[in-house]
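Q: Please take a close look at one part of this model, beginning with a single helix and working outward to what surrounds it in the fold. A plain account is enough.

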Amino acid sequence: MKNQNNEQSQHWLDQLVDEILLWQNQEGIKKLHVDDMKTPSGRVHTGALRGVLLHDFVAKVLREHLSKLKQPALLKNLANTYVFNDMDPMDSLPKYLEEKNYSQHMGKPLYQIPAPALAECGIDLSKISDQEKADLAAAKNFAEFYAKDFIHAFRKLGCSQEIIWSHELYESGRMDELIRLSLDNVDKFRKIYKEVANYDLPDHWYPFQVICPHCGKIGTTLVTDWDGKEVTFICREHGVKWAEGCGHQGKISPFAGNGKLLWKVDWPAHWSTLGVSIEGAGKDHTSAGGSRDMAEAICREVFNLPIPFNIPYEWILIRGNKMSSSKGVGTSAREFTTLFPANVGRFLFLNKHYSQVIDFDPNTTAIPDLFDSYDQAARIYWGQEAGDQRLARAFVLAQIEEIPEPHFLARFRDLALWVQYPEKNVIEEAAKVKGSALNDLEISVINERLSYVELWLSKYAPEEFQWRAKKDLPAAAQQLTQEQKTFLTELEKLIQSQNWQAPDLQQAIFDLAKASLGTKQGFAAIYLAFLGKKAGPKAAWFLLNIDPQLRQERIEAINQLK
């Protein structure tokens, strides 16, 4: 069925997994554990999906390769996790949340901040299931609320990582030995910071922040001493710009969830605690002297830990801009999953090497282009056309369930045109392109795609793809001549004169135009008035599908133009 070509290069994901297995063998790694992390500081943006999908792809292709290589021990112990860093402080307020409700929580750990009310959370609840809504409503805290929103998104895309909550790791005591080791080795950290980042740490610096037992904030506290059992700390009133501390000073045990390691130490500490052997990061973390370099140095010089395999990946951008969860910049992950079927969404990430930027703007032809690429990949896999087998492999990896049997795929662009032309029957038009009647599978795929077509047309499609009557008077209507305005008035009277069938009305419009200003000017008047264009769908079908009130109000508005 599929067209094999062994001379072509492997898909980048297969190449990456082969590199991992070679590294694993060379380094003597006994357990492969793939991990990724995210701080749930608000609605999680689409950009974060690149990491979660990349790591899940790696874990699943590792499983596939290990099965073929017959390595049962590695296969049995293969782990795939996702950590939510919910002990991080709230250090900025998402713009969609009310400051009056959250200003007093600035600086607190995210897992100790109340979850927002559903009506005030900044999530479009109109498109989520009742179960998802109930799931969000049951969230115990702010971090869990927005983490669940993200989990819903990546589960829809077929990701199956085990979820780990950072605060539970700390509270369970599993991080205690790493905390002790870190506090005991401040001098080594001073050396690492200087050599890796050329940064001189201040006096009395310790890689730990406690949760103030007086005000509950973690972002405002500073540890100034460690006696082997307790840390000395102060909750600074003006230590950071985004939160106010209470001024409380004291001593407290750093263990069992009383605080957390600072981020650049916390990251490799999670690696050690969980046994992580594979974890990549975005390019902001992997620049020279950045947090990845720091983490690797800490692994070598403090934790005596094998350095996990790195996968430095590029961002996904929206209109060329990097996205931010807390600032609400960019399409949210949940919104992204509504743009296309899960398999097509997965294909977007599989069709680009992880080191390449994905610049995705739904307000362009990016969505139709993505469907075209996906369809081409399917045809190559099915042997219906020659092409790059890496595309075929991307199609296979994009499937969440079984790989579908070969079938006709109607182009997204064609569907977007046909659905706006009332005189056209979408299924019949698709059958014409195929050259034969559609089967049940092909019809079901078209019906599924039509929901995504309608979303694109209603929210994102550029003007040149819009062929439905505008809700507001188009600017181009200013071009209408007095003759055309008179014609439109007479046309409206004609439409109201009887209960028309579209073919009969089409002939009547032709006759009316021919008897007055001419057919070319007459039909142009219709499209300028309702579309702002000089051409469009068949006029009678088009006009009969416009709400009569809108049609009448448009004619009245046109007659008021000077």
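A: Helix 13 has V344, G345, R346, F347, L348, F349 and L350 as its buried residues. The helix spans residues 342-350 and is mostly covered, with seven of its nine residues buried. The model is a predicted one. Buried here means a relative accessible area under 20%. In the protein chain as a whole, 53% of the 562 residues are buried.

The chain around this helix comes next. It holds 23 helices and 12 strands. Its C-alpha atoms fill a box of roughly 100 × 60 × 40 Å along the principal axes. Of the contacts between residues at least 6 apart in sequence, 70% join residues at least 24 apart.

The buried nonpolar side chains can be described as cores. In soluble globular proteins, nonpolar side chains tend to be buried together. The largest nonpolar core in this model has 91 residues, and L32, L49, L62, F150 and F360 touch the most other members. Helix 2 (residues 47-69) supplies the largest share of this core, 11 residues. L62 touches V17, I20, L21, L32, V34, L78 and I278, leaving aside residues up to four places away in sequence. A second core, separate from this one, has 44 residues, among them F189, Y193, L201 and C299.

Two of the sheets can be set side by side. One is an open sheet of three strands in the order 1-2-3, with parallel pairing. Strand 1 (33-38) and strand 3 (162-165) are its edge strands, each pairing on one side only. From one strand to the next, the twist averages 25°. Strand 2 (residues 79-84) pairs with strand 3 in the parallel sense over four bridges, and Y82 stands opposite I163 in strand 3. Helix 10 (residues 263-274) packs on this sheet and touches strand 1, strand 2 and strand 3, with its direction at about 150° to that of strand 1. Helix 6 (residues 142-156) lies across strand 2 and strand 3 and runs at about 165° to strand 3.

The other is also an open sheet of three strands, in the order 5-6-7, and its pairing is antiparallel. The edges are strand 5 and strand 7 (249-252), each of which pairs on one side only. Neighbouring strands of this sheet are turned by 30° against each other on average, direction ignored. Strand 5 (residues 221-226) and strand 6 (residues 231-235) pair in the antiparallel sense over five bridges, with T221 opposite C235 in strand 6. Four residues lie between the strands of this hairpin, and G228 there takes a positive phi near 95°. Strand 6 also pairs with strand 7, antiparallel, over four bridges; F233 stands opposite G250 in strand 7.

Positive phi values also turn up outside glycine. Most residues other than glycine have a negative phi. N198, which is not a glycine, has a positive phi of about 55°. Its place is in the loop between helix 9 (186-197) and strand 4 (208-210). N198 is exposed, with a relative accessible area of 59%. N304 is another residue other than glycine with a positive phi, near 50°. N304 lies in the loop between helix 11 (291-303) and strand 10 (312-313). At 69% relative accessibility, N304 counts as exposed, since the cut-off for exposed is over 50%.

One helix pair remains. The axes of helix 19 (residues 482-496) and helix 21 (residues 519-530) come within 9 Å and cross at roughly 80°. Helix 19 is therefore roughly perpendicular to helix 21. On the side of helix 19, the contact is made by Q484, F487, L488 and L491; on the side of helix 21, by Q521, G522, A524, A525, I526 and A529. These contact residues divide into seven nonpolar, three polar and no charged.

Conventions:
Residues are numbered from 1 along each chain as its sequence is written. Side-chain values use heavy atoms; hydrogens and water are left out. Two strands pair if DSSP finds at least two bridges between them. Buried means under 20% relative accessible area, exposed over 50%, partly exposed in between (1.4 Å probe, protein chains only). Axes are lines fitted to C-alpha atoms, for helices over the stretch in contact, and angles run from 0 to 180 degrees between N-to-C directions. Angles under 35 degrees count as roughly parallel, over 145 as roughly antiparallel, 65 to 115 as roughly perpendicular and the rest as oblique. Contact means heavy atoms within 4.5 Å. Ala, Val, Leu, Ile, Met, Phe, Trp, Tyr, Cys and Pro count as nonpolar, Asp, Glu, Lys and Arg as charged, and the others, Gly among them, as polar. A nonpolar core is a set of buried Ala, Val, Leu, Ile, Met, Phe, Trp, Tyr and Cys residues joined through side-chain atoms within 4.5 Å.
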